[in-house]
Amino acid sequence: MADRYLTVAQVAELLGTTERFPRRLIAERRIVFVKVGRHVRIPESALNAFINANTVEPIGHQRSSLRRAA
């Protein structure tokens, strides 16, 4: 299946941020992007990879070996 190429505005909307954030990711080379002339596009698979790489899983509830004072 072919990858969709998203504009900076589309990426910002999907991430719930302003356009400044995806532009910073591009400038810092923290996300894969494609230059088409003067236009910049981000493959949808690259956006998903970025999200997966930066997803923090919750820590499971662990019982503490220390007991509370009464």
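Is Arg-23 buried or exposed, and what is its relative accessible area? Arg-23 sits in between: it is partly exposed, with a relative accessible area of 47% (buried is under 20%, exposed over 50%, partly exposed in between, with a 1.4 Å probe and protein chains only).

A quick note on where this comes from: the model is predicted, so local features need pLDDT of at least 70 and side-chain atom pairs pLDDT 80 or more, while totals for chains, interfaces and linings use all residues. Residues are numbered from 1 along each chain as its sequence is written, and side-chain values use heavy atoms, leaving out hydrogens and water.

Now the charged pairs. The structure has four salt bridges (a side-chain nitrogen of Lys or Arg within 4 Å of a carboxyl oxygen of Asp or Glu). Here are three pairs:

| Pair | Closest N to O |
|---|---|
| Arg-4 and Glu-44 | 3.7 Å |
| Glu-19 and Arg-23 | 3.5 Å |
| Glu-28 and Arg-24 | 3.8 Å |

Arg-4 comes before strand S1 (5-6) and Glu-44 belongs to helix H3, so their pairing ties together parts 40 residues apart in sequence (helices are DSSP H or I runs of at least four residues, strands E runs of at least two, numbered from the N terminus). Glu-44 is partly exposed at 25% relative accessible area. Arg-24 and Glu-28 also join Arg-30 in a salt-bridge network.

As for the inside, the largest nonpolar core has 11 residues, including Leu-6, Val-11, Ile-42 and Phe-50 (buried Ala, Val, Leu, Ile, Met, Phe, Trp, Tyr and Cys joined through side-chain atoms within 4.5 Å). H3 gives the largest share, three residues.
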